[in-house]
Each structure stands twice: as C-alpha cells, then as structure tokens.
Amino acid sequence: MARIILFTGKGGVGKTSVSAATALRCAELGYRTIVVSTDAAHSLGDSLDRELGPEPVAVIPNLEAQEIDVLYQMEKYWGRVQEYFSSVLSWRGMDGLLAEETSVFPGMEELASLLQLVKLHDDGDHDVIIIDCAPTGETLRLLSFPEVGRWYLDKIFPFERKAFQLTGPLLKRIVDIPIPDDAVFETIRELILQLDRMHALLSDSAKSTVRLVLNPEKMVIREAQRTFTYLNLYGFSTDAIVSNRVIPNAITDVYFSAWRESQARYGELVREAFSPLPIFTVPLMDAEVVGPDMLRRMAAAVYEEQDPTQIFYSGRTQVIERAGDGYRLIQPLPFVAKEEIQLARAADELIVRIGNQKRNLILPRALVGLRVLSAKHEDNLLTITFGRKPEEETLNG
C-alpha cells in the first residue's frame with residue numbers, strides 16, 4: 001500500500017523544498033519514492049538540482065521526480081473532449097489553432113495533473129508518493145472537484161446524454177453543429193470516475209495525509225488556518241504543520257531582532273491554533289536549499305530521526321453517533337465563526353457552506369428520513385442533531 005503525502009501552503013513559504021527534502025529522506029531510508037509537482041510554476045527541478053520532465057526521472061537510487069507538463073497531461077486525459085469542444089468553436093468560425101487553445105477550460109490543466117496520482121498509485125511501483133501541490137487556493141479548488149463531478153455524473157449526465165441521443169441527429173441536419181458521440185460521453189464519464197477514485201485515495205486517512213507548510217507570519221498563518229478548515233470540511237486528514245524559515249536564536253544581529261521577536265509571537269500562535277497537530281520547526285538556512293546536501297540538512301531539521309512516512313496525527317474528520325431516538329453528525333470546523341456557516345438540506349444531501357466554499361455531504365440511510373432538529377458550532381465542532389419532531393412520532397405511532 002503506497003503512502004501518499006501532500007504538501008501545500010501559501011506561495012513562497014518553501015513547500016517545494018520541504019517536499020523534496022522529505023522525498024530524499026524517504027528514498028535514503030529505502031522506500032521506493034516519487035515526488036511530483038502539480039504547481040504550474042514548477043521549481044521542483046531547481047530544488048533537486050536536476051532537469052525534470054513530464055514523465056518520472058531517476059534522481060538517486062529509490063527516488064524519482066516528475067514535473068507535470070500541462071499540455072502532455074491534457075492530451076493524455078482530456079484529448080477527446082478537447083477535440084470535440086475545439087470542433088464546436090471552429091464551427092462557430094474561430095481559427096483552428098485559436099479554437100484548440102480556447103478549448104482548454106480553466107481548471108482542466110490542474111485536474112489532469114492530479115489524475116497522475118491515481119496512475120502512480122495503481123501502478124504499484126512506489127512505496128511513497130509525495131505531491132508538491134499548487135498554492136493552497138488552487139489545491140482546495142481541485143480537492144473539491146471530485147464531489148462536484150460525482151454530483152454531475154449522478155444528477156445531470158444521464159439526462160444530457162439521452163437528450164443528445166434524441167435531438168443530436170435533428171440538430172446536425174438543421175444547423176450542421178458538431179454533436180458529441182458516445183466516445184466523448186464515455187471519456188467524460190471515465191474522467192469523473194477517475195476523479196472520484198482520486199478523492200477516495202486522498203480521503204483515506206490510513207494512507208494519505210496533508211502537511212501544511214507555513215512561515216510564522218500573520219497573513220501566512222491565517223491562510224493556513226483557512227486551509228485547515230476546508231481540508232476538514234472536505235474530509236482530508238492533516239497530520240502535521242511545518243513552520244519554515246524560523247530565525248535561530250543564535251542569530252543576535254540587531255537587524256534580525258525585531259523580526260525574531262515577531263516570529264516568536266506568531267510561533268506561539270501557530271502552536272495554539274493547530275494543537276494537537278505536531279509542529280515541525282525548520283530554521284532559516286544559511287544557504288539556498290538546492291541540491292541533495294542542503295535537502296538532507298532540511299530533512300534533518302524537519303524530522304530529526306523520525307521516519308517521514310509515519311502518520312504523525314490521526315483523528316476522525318466526521319463522526320455520526322446515536323443520540324436518543326436520533327443521531328448526531330459531528331464535523332470538525334476549526335477557525336471559523338458560527339455566523340459564517342450556512343446549512344441547507346436537499347433529500348439525501350446536507351450542504352455545508354463557509355464563505356465561497358461548500359461541501360455536499362451524502363447522508364447515510366439512517367439519517368435520510370430524519371429532520372435536522374438543531375445545529376451548533378462550539379469548541380471548533382459543528383454538531384447537527386437529526387431526529388423526528390414529537391408530532392411526527394405521534395402520527396407514525
């Protein structure tokens with residue numbers, strides 16, 4: 001069973017260096033390891049001091065690395081769908097080359113990148129898969145896509161496919177518009193199922209965990225807190241925080257004194273905010289973290305003598321328990337005010353919205369026939385109570 005570790009954080013905090021250092025340590029411990037960058041602005045090759053490409057490249061014994069190439073992955077996963085949309089745009093009079101470029105919709109590149117994770121896992125050639133993710137906002141958007149895709153596949157896709165089968169020939173005769181054939185629909189269906197598979201892998205807390213990389217700075221910590229909230233919302237397990245570029249106490253230069261004091265204050269905030277998660281503190285290095293030697297130094301600072309593949313914290317992200325004649329659904333939602341939380345119910349779905357993020361929770365059968373009696377947010381936990389109202393019990397009795 002491959003161990004999957006994702007590193008994410010605000011742009012510029014050093015997550016690529018931490019990802020590469022972790023991968024190097026894993027490889028030198030004997031694990032067959034691959035580290036993959038899904039960030040469009042690749043810097044993994046720079047960190048490893050090796051030229052990388054769209055397919056895995058050997059770096060040292062037991063270690064491979066890969067920088068996802070957008071066009072390569074697009075052709076691999078979205079080729080048939082992109083070809084159809086390109087033909088529609090060409091039909092509308094757009095130049096062929098421009099139509100091909102325009103048919104690459106926002107988000108498709110990143111989705112195609114993370115689909116590589118499924119292939120790497122299912123191939124079984126690696127003991128450890130490390131993902132150097134895009135900055136947090138993009139990562140969260142990607143992690144929410146599988147649920148959207150599943151909803152589309154279950155609710156909308158069958159009707160669209162039937163409608164095109166019935167009306168397609170008529171439309172083609174009248175206006176000669178390109179009509180998607182069964183191969184296009186099958187490609188879309190397969191892609192959505194692959195995304196569903198990706199979600200299942202990443203939400204398996206016995207196999208996959210996220211590690212948040214931050215610097216002890218106010219804005220960075222706030223973004224990390226929001227990310228941690230949404231990771232809990234989507235059901236992904238976070239097992240550690242890496243606080244990077246901390247000025248060592250040994251540096252006594254006056255220039256760094258105010259900065260060091262500020263970091264000390266925010267370092268305490270990090271510990272308070274993310275407890276009980278372990279906090280790994282990495283000092284500001286005296287040289288650029290490039291190449292195996294510097295990466296080994298960083299790995300030693302992060303993990304000391306520990307094995308990076310271990311799960312440093314385990315905790316359930318959602319609990320459903322009996323409560324009298326009903327049930328309670330408990331969802332950890334740290335760092336959010338109760339006024340920000342909105343709930344909606346649609347048949348077997350419970351929709352939790354925080355700001356511009358939402359999650360559709362599919363309720364188990366035991367809860368589908370029950371009403372939401374109450375909801376409260378206390379001690380970083382959202383608790384929703386399901387049951388029957390007294391008058392319903394009387395009627396059913």
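**Helix H10 and its surroundings**

The protein chain has an accessible surface of about 19700 Å² (Shrake-Rupley method, 1.4 Å probe), and 52% of that surface belongs to carbon and sulfur atoms. This is a predicted model, in which local features need pLDDT of at least 70 and side-chain atom pairs count only at pLDDT 80 or more, while totals for chains, interfaces and linings use all residues. Residues are numbered from 1 along each chain as its sequence is written, and side-chain values use heavy atoms, leaving out hydrogens and water.

**The chain as a whole**
- You will find 13 helices and 15 strands here, taken as DSSP runs (H or I, at least four residues; E, at least two) and numbered from the N terminus.
- Of the 397 residues, 48% are buried (under 20% relative accessible area, 1.4 Å probe, protein chains only).
- Among contacts (heavy atoms within 4.5 Å) with a separation of 6 or more, 70% link residues 24 or more positions apart.

**Helix H10, residues 254-274**
- The 21 residues of H10 should span 30 Å at 1.5 Å a residue (times one less than the number of residues), which agrees with the 31 Å between its end C-alpha atoms.
- At the start of H10, the backbone nitrogen of Tyr255 lies within 2.7 Å of a side-chain oxygen of Asp253.

**Two sides of H10**
- Arg260, Ser262, Gln263, Gly267, Val270, Ala273 and Phe274 are buried in H10.
- Seen down the axis, the buried residues of H10 fall within an arc of 170 degrees (directions from the axis to the C-beta atoms), so they line one face of the helix.
- The cover over these buried residues includes strands E6 (208-214), E7 (238-246) and E8 (279-283), along with helix H9 (218-233).
- Val254, Ala258, Glu261, Arg265 and Glu272, on the other side of H10, are exposed (over 50% relative accessible area).

Definitions and conventions:
A polar contact is a pair of N or O atoms within 3.5 Å; within protein, one must be able to donate a hydrogen and the other to accept it, and residues adjacent in sequence count only if both atoms are side-chain atoms.
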